[in-house]
Amino acid sequence: MKKNESNLTLCNILFVVSLVISNVVTGKLIYTGVSIFEGCVVTLPGAGVCYAITFLMTDVIGEIWGKKEANRTVLFGLAGQVFATLLIVFTQKLPAANAEMQSAYDMLLGQNWLFVMASLVGYVSAQLWDVWIFHRIRDRIIAKSGSTKNRWIWNNASTMTSQIIDTVVFIGIAFGLGFGWFFDENMRIPLLSMMIGQYVFKFLLAAVDTPFFYLLTRGKGGGEGNKGTSSL
């Protein structure tokens, strides 16, 4: 991918669209039939794949355009997410011509403000960590080896650790605090099961995105002098 404004704009568009859509479809829970603890079947959010794309995009932007642009993308995403939420709520409050359609809208897109807050806190925490640890590891390895051929290391390390933060923060706030599961002895195991199950799913998605990361950042030279450049 060439380092130009058109490609940077495209990456930002893919990031924001993936982020906004992930919040639209997150209400659909996927039944896996897999139990981590007895009686605790893992369910996965429909937003999983969409949200994974956002981490791929910040890694690509960070690799080609640098840390500053990656952090800017995170802020753009936050603004886009807040704006999309306001538009959804505004549309929800408009008079409905059909009661059944309004009911379906409320069920699928109705905003639970606790979940919105949990999502925003998890998003900001995880994405900022992703950008920071990505460049922390990248700079150290390049300083020692003078090459970016092992960029799978910082790509995977940043995404896999940031997904821990996102999972624990979101589920912890929304279910642990919001639903009081932290304080209910009977619900602590289901809460832990939910965290572990969703993280394993996100971990696997992070591994799957590695070939795409290499594809989009191919042609990069190694060394400090070639940071943020691309020959394709």
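This report describes the salt bridges, the cysteines and two surface patches of a predicted model.

**Salt bridges**

Side chains of opposite charge can pair when their charged atoms come close. In this model the count of such salt bridges comes to three, and the table sets out the partners with the distance from N to O.

| Acidic partner | Basic partner | N to O distance |
|---|---|---|
| Glu-63 | Arg-138 | 3.0 Å |
| Glu-69 | Arg-72 | 3.3 Å |
| Asp-166 | Lys-202 | 2.9 Å |

In the salt bridge between Glu-63 and Arg-138, the two partners belong to distant parts of the chain, since Glu-63 sits in helix 2 (residues 48-64) and Arg-138 in helix 5, 75 residues apart. Are these two residues buried or exposed? Glu-63 is buried, with a relative accessible area of 0%, and Arg-138 is buried as well, with a relative accessible area of 2%.

The salt bridge between Asp-166 and Lys-202, with 2.9 Å from N to O, also joins two helices, because Asp-166 lies in helix 6 (residues 152-177) while Lys-202 lies in helix 7, and the pair therefore ties together parts that are 36 residues apart in sequence. Asp-166 counts as buried at 7% relative accessibility, and Lys-202 counts as buried at 10%.

The salt bridge between Glu-69 and Arg-72 is found within helix 3 (residues 67-93), where the two residues are three positions apart and so are separated by about one helical turn. Here Glu-69 is buried, with a relative accessible area of 18%, whereas Arg-72 is partly exposed, with a relative accessible area of 34%.

**Cysteines**

A disulfide is a covalent bond between the sulfur atoms of two cysteines. How many disulfides does the structure hold? The structure holds zero. Cys-11 is in no disulfide, and the nearest cysteine sulfur to its own, that of Cys-50, is 17 Å away. Cys-50 is likewise in no disulfide, its nearest cysteine sulfur being that of Cys-11 at 17 Å. A disulfide needs the two sulfur atoms to lie within 2.5 Å, so the 17 Å between the sulfur atoms of Cys-11 and Cys-50 leaves this pair outside the cut-off. The two cysteines can also be described by their accessibility: Cys-11 is buried, with a relative accessible area of 1%, whereas Cys-50 is partly exposed, with a relative accessible area of 21%.

**Surface patches**

On the surface, Lys-67, Arg-136, Arg-140 and Lys-144 gather in a patch of positive charge. Which helix gives the most to this positive patch? Helix 5 (residues 113-145) does, with three residues, and Arg-140 has its place in helix 5. Arg-140 counts as exposed, at 53% relative accessibility.

A second patch is nonpolar: Ile-36, Leu-192, Ile-196, Val-200, Phe-203 and Leu-204 make a surface patch of about 460 Å². Its largest share, five residues, comes from helix 7 (residues 188-208). Ile-196 has its place in helix 7 and counts as partly exposed, at 32% relative accessibility.

Taken helix by helix, some of these features come together. Helix 5 holds Arg-138, the partner of Glu-63, and also gives the most to the positive patch. Helix 7, in turn, carries Lys-202, the partner of Asp-166, and supplies the largest share of the nonpolar patch.

Definitions and conventions
Residues are numbered from 1 along each chain as its sequence is written. This is a predicted model: local features need pLDDT of at least 70, side-chain atom pairs count only at pLDDT 80 or more; totals for chains, interfaces and linings use all residues. Side-chain values use heavy atoms; hydrogens and water are left out. Buried means under 20% relative accessible area, exposed over 50%, partly exposed in between (1.4 Å probe, protein chains only). Patches are made of residues with over 30% relative accessible area and no salt bridge: like charges are joined within 9 Å, nonpolar side chains (Val, Leu, Ile, Met, Phe, Trp, Tyr) within 5 Å. Accessible areas come from the Shrake-Rupley method with a 1.4 Å probe; for residues, only the protein chains shown count as cover. A salt bridge is a side-chain nitrogen of Lys or Arg within 4 Å of a carboxyl oxygen of Asp or Glu. Lys and Arg count as positive and Asp and Glu as negative; His and the chain ends are not counted. The place of a charge is taken as NZ of Lys, CZ of Arg, CG of Asp or CD of Glu. Helices (H or I, at least four residues) and strands (E, at least two) are DSSP runs, numbered from the N terminus.
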